[in-house]
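Trainee: I would like to learn how to read a model like this one. Could we go through it feature by feature?

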Amino acid sequence: MEQLNDKIALVTGSSRGIGAEIAKHFAKHGTRVILHGRDEASLGKIEDEIIRDGGQAMHVKADVTKFAEIESARSEIEKKFGPVDILVANAGGSFTKPAPFDELSEEGWRASVEGNLTATFLTVKSFLPGMKKRKSGNIITISSAAARHVTGRSPVPYSAAKAGIEIMTQQLAAEAGPFGIRVNCIAPEMIFTEKHRAMIPPEHLKGIVEYHPLKRLGETKDVAEAALFLASDNSSWITGVILDVAGGAVMV
Ligand SMILES: NC(=O)c1ccc[n+]([C@@H]2O[C@H](COP(=O)([O-])OP(=O)(O)OC[C@H]3O[C@@H](n4cnc5c(N)ncnc54)[C@H](OP(=O)(O)O)[C@@H]3O)[C@@H](O)[C@H]2O)c1
């Protein structure tokens, strides 16, 4: 994928999990990668790994729920690497537990909306003006299968926040298209990250595998491959798409 050579990509939330895999995958394809998160030790470890494998990387720290911190990370990136060509707004997560609607807490609701929808909005808001000025850019947002259909397994505040990211992505794609900017969204089903490896008892894995028509667990590389495709010119006629990376468990 030579089109990614020497492009500059920021992957938010790449100190671990899906984001770390996307960043490593991009670096292998010649992208200069900016890792992001809050955990300095993990960021340093992944940066060293990329550089050891012959890639180029730097890392920035910022709380993506705070616009001033994102802005300051952006100026650090622009000084050191240059303007961001590819933005993967991946940082997020499920910040509350599933519960019946009337037992959900206001705190859990606010944390989910803030940590996913607001975080994605603020991240894009910071990088979009530069892309518009340069008349090029590629933005990938991350939703979830939880926003695509009701399973009863995901907390409603998380599903609702991710569904908000999807319509925001499409609105943005329509608005930014005339500036040569593509905006797409990836909606993963459960992806077996190190966090899940530690959390899910092995006896539950068979049920998870069975749930997916493709009869295996989703891996971080499945999302990384989808991100690579959307970031490259191989998808140059694709914008405003919600791409289900779900082993067939979501068919919308
Ligand atoms: N794994 C799945 O099954 C799955 C399925 C569907 C969708 N997703 C979505 O995919 C994305 C990545 O998931 P994951 O499972 O890889 O998550 P993860 O392992 O929990 O990692 C989350 C990443 O986001 C960063 N982050 C979270 N909140 C942040 C904040 N306020 N400011 C800065 N960084 C923040 C974390 O950084 P620090 O820890 O360094 O702060 C970390 O790098 C999320 O948006 C998630 O909702 C995941």
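Trainee: Does K215 count as buried or exposed?

Mentor: Before we start, note that this is a predicted model, in which local features need pLDDT of at least 70 and side-chain atom pairs count only at pLDDT 80 or more, while totals for chains, interfaces and linings use all residues. Residues are numbered from 1 along each chain as its sequence is written. A residue is buried if 20 or more other C-beta atoms, placed from the backbone, lie within 10 Å of its own, exposed if 12 or fewer, and partly exposed in between. K215 has 10 C-beta neighbours inside 10 Å and therefore counts as exposed. Its place is in the loop between α7 (205-211) and α8 (220-231), where helices (H or I, at least four residues) and strands (E, at least two) are DSSP runs, numbered from the N terminus. Phi of K215 is near 55°, a positive value in a residue other than glycine.

Trainee: Which value does phi of D6 take, and where does D6 lie?

Mentor: Phi of D6 is near 65°, again positive in a residue other than glycine, and D6 lies in the segment before β1 (8-11). With 12 other C-beta atoms within 10 Å, D6 is exposed.

Trainee: How are α4 and α5 oriented to each other?

Mentor: One fits lines to C-alpha atoms, for helices over the stretch in contact, and takes the angle, from 0 to 180 degrees, between N-to-C directions. Angles under 35 degrees count as roughly parallel, over 145 as roughly antiparallel, 65 to 115 as roughly perpendicular and the rest as oblique. The axes of α4 and α5 (residues 156-176) come within 8 Å and cross at roughly 20°, which makes the two helices roughly parallel.

Trainee: And at what angle do α3 and α4 pack?

Mentor: Helix α3 (residues 67-80) packs against α4 at about 40°, with the axes 9 Å apart, so the pair is oblique. The contact joins F67, I70, E71 and R74 of α3 to L122, T123, S126 and F127 of α4, contact meaning C-beta atoms, placed from the backbone, within 7 Å.

Trainee: Which residues come nearest to the ligand?

Mentor: A residue is near a molecule or strand if its C-beta atom, placed from the backbone, lies within 6 Å of it. Of the 27 residues around the ligand, G13, G17, G37, R38 and G92 come nearest. The elements giving two or more residues to this shell are α1 (17-28) and α4 (106-134), and α1 provides the largest share, three residues.

Key:
Contact = placed C-beta atoms within 7 Å.
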